[in-house]
Amino acid sequence: MKQETMRSCIGCGAKKPKKELIRVVRQQGETESEIRLDFTGRSNGRGAYLCRDNACLKRCQKTRGLDRAFREHVNDSVYAALEKEFTKLNEGHGEADGAFKT
C-alpha cells in the first residue's frame, strides 16, 4: 500500500496530506517572478503549501511565510490578491486562476 505524501502548511505548520492543501507557486519570468495558486500541484517553479483557510493565509502574511519559502520579498498586493482567490475558492466558485507579479 502506497503511503500518502504529507506537506506542511506555511501558515499554521500543520502536516496534512498534499491533496488537502493548496500549492502556491513562484515561477521565474524573464523580468520578474509570478506567484499564483497551483491547483494541479504540478506547475514548474518553487512551491509552498497552505491550508484552504483564510486564517492560515493571514498568519502566513503576518509571519512573512511566503518570503521565507520563496527566498524573496513578496508584496502585500500579492497577499491581497491571494486572499481574494482564497475567498472565491472557499465560497465555492470553482478554481480561481490568477497570477500575481512580485
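**A nonpolar core, a few arginines and a pocket**

Leaving aside neighbours within four places in sequence, Val74 is in contact with Ile35, Arg64, Leu66, Asp67 and Tyr79. Everything described here comes from a predicted model. Val74 also makes a handy starting point, as one of the members that touch the most other residues in the largest nonpolar core.

That core has 22 residues, and Val74 shares its position at the top of the contact list with Val24, Leu50, Leu66, Phe70 and Leu82. Strands E3, E4 (33-38) and E5 (46-50) each supply at least two residues of the core, and so do helices H1, H2 and H3. Which helix gives the largest share of the core? That is H3, with five residues. As background, nonpolar side chains in soluble globular proteins tend to be buried together.

Phe70, another of the core members with the most partners, is found in helix H2. Its relative accessibility is 0%, so Phe70 counts as buried. Beyond its neighbours within four places in sequence, Phe70 is in contact with Val24, Val25, Arg26, Ile35, Arg46, Gly47 and Ala48. Val24 turns up here as a contact of Phe70, and Val24 is itself on the list of core members that touch the most others. From Phe70 to Gly13 the gap is 57 residues in sequence, and their C-alpha atoms are 16 Å apart in space.

Over in helix H1 sits Leu57. Is Leu57 buried or exposed? Its relative accessibility is 4%, and because anything under 20% counts as buried, Leu57 falls in the buried class. Setting aside neighbours within four places in sequence, the contacts of Leu57 are Leu50, Tyr79, Leu82, Glu83 and Phe86. Leu50 and Leu82 have been met already, among the core members that touch the most others. Leu57 and Lys19 lie 38 residues apart in sequence, with 17 Å between their C-alpha atoms.

Charged residues can be tucked away too, and Arg26 in strand E3 (residues 22-28) is a case in point. Arg26 is buried, as its relative accessible area is 16%. What does its side chain pair up with? A polar contact of 3.5 Å joins the side chains of Arg26 and Glu72. Glu72 has a second partner, since Ser33 makes a side-chain to side-chain polar contact with Glu72 at 2.7 Å. Ser33 is in strand E4 and is buried as well, with a relative accessible area of 4%. Ser33 and Glu72 both appear among the contacts of Arg26 beyond four places in sequence, along with Glu34, Ile35, Gly45, Arg46 and Phe70.

Between E3 and E4 there is a loop, and Glu32 lies in it. With 33% relative accessibility, Glu32 counts as partly exposed. Glu32 and Arg64 are 32 residues apart in sequence, and 19 Å apart in space from C-alpha to C-alpha.

Next come two arginines with an unusual backbone angle. Most residues other than glycine have a negative phi. Arg64, though not a glycine, has a positive phi of about 60°. Arg71 shows a positive phi too, near 60°. Where do these two residues sit? Arg64 lies in the loop between helix H1 (54-63) and helix H2 (65-70), while Arg71 lies in the loop between H2 and helix H3 (76-90). Arg64 is partly exposed, at 22% relative accessibility, whereas Arg71 reaches 66% and counts as exposed. Leaving aside neighbours within four places in sequence, Arg71 is in contact with Arg46 and Leu66. Arg71 and Arg46 are 25 residues apart along the chain, and their C-alpha atoms are separated by 9.7 Å.

Finally, there is some empty space to look at. The largest pocket has a volume of about 410 Å³. How many residues line it, and which lie nearest its centre? The lining has 18 residues, and Lys18, Lys19, Phe39, Thr40 and Gly41 are the ones nearest the centre. Sorted by character, the lining holds nine charged, five nonpolar and four polar residues.

How values were computed: Residues are numbered from 1 along each chain as its sequence is written. This is a predicted model: local features need pLDDT of at least 70, side-chain atom pairs count only at pLDDT 80 or more; totals for chains, interfaces and linings use all residues. Side-chain values use heavy atoms; hydrogens and water are left out. On a 1 Å grid over the protein atoms alone, a cavity is a set of points where a 1.4 Å probe fits but cannot get out, and a pocket is an open set with protein on both sides within 12 Å along at least five of seven lines; lining residues have an atom within 4 Å of a point. Grid points are joined across faces, edges and corners, and a volume is the space filled by probe spheres set on the points. Ala, Val, Leu, Ile, Met, Phe, Trp, Tyr, Cys and Pro count as nonpolar, Asp, Glu, Lys and Arg as charged, and the others, Gly among them, as polar. Helices (H or I, at least four residues) and strands (E, at least two) are DSSP runs, numbered from the N terminus. Buried means under 20% relative accessible area, exposed over 50%, partly exposed in between (1.4 Å probe, protein chains only). A polar contact is a pair of N or O atoms within 3.5 Å; within protein, one must be able to donate a hydrogen and the other to accept it, and residues adjacent in sequence count only if both atoms are side-chain atoms. Contact means heavy atoms within 4.5 Å. A nonpolar core is a set of buried Ala, Val, Leu, Ile, Met, Phe, Trp, Tyr and Cys residues joined through side-chain atoms within 4.5 Å.
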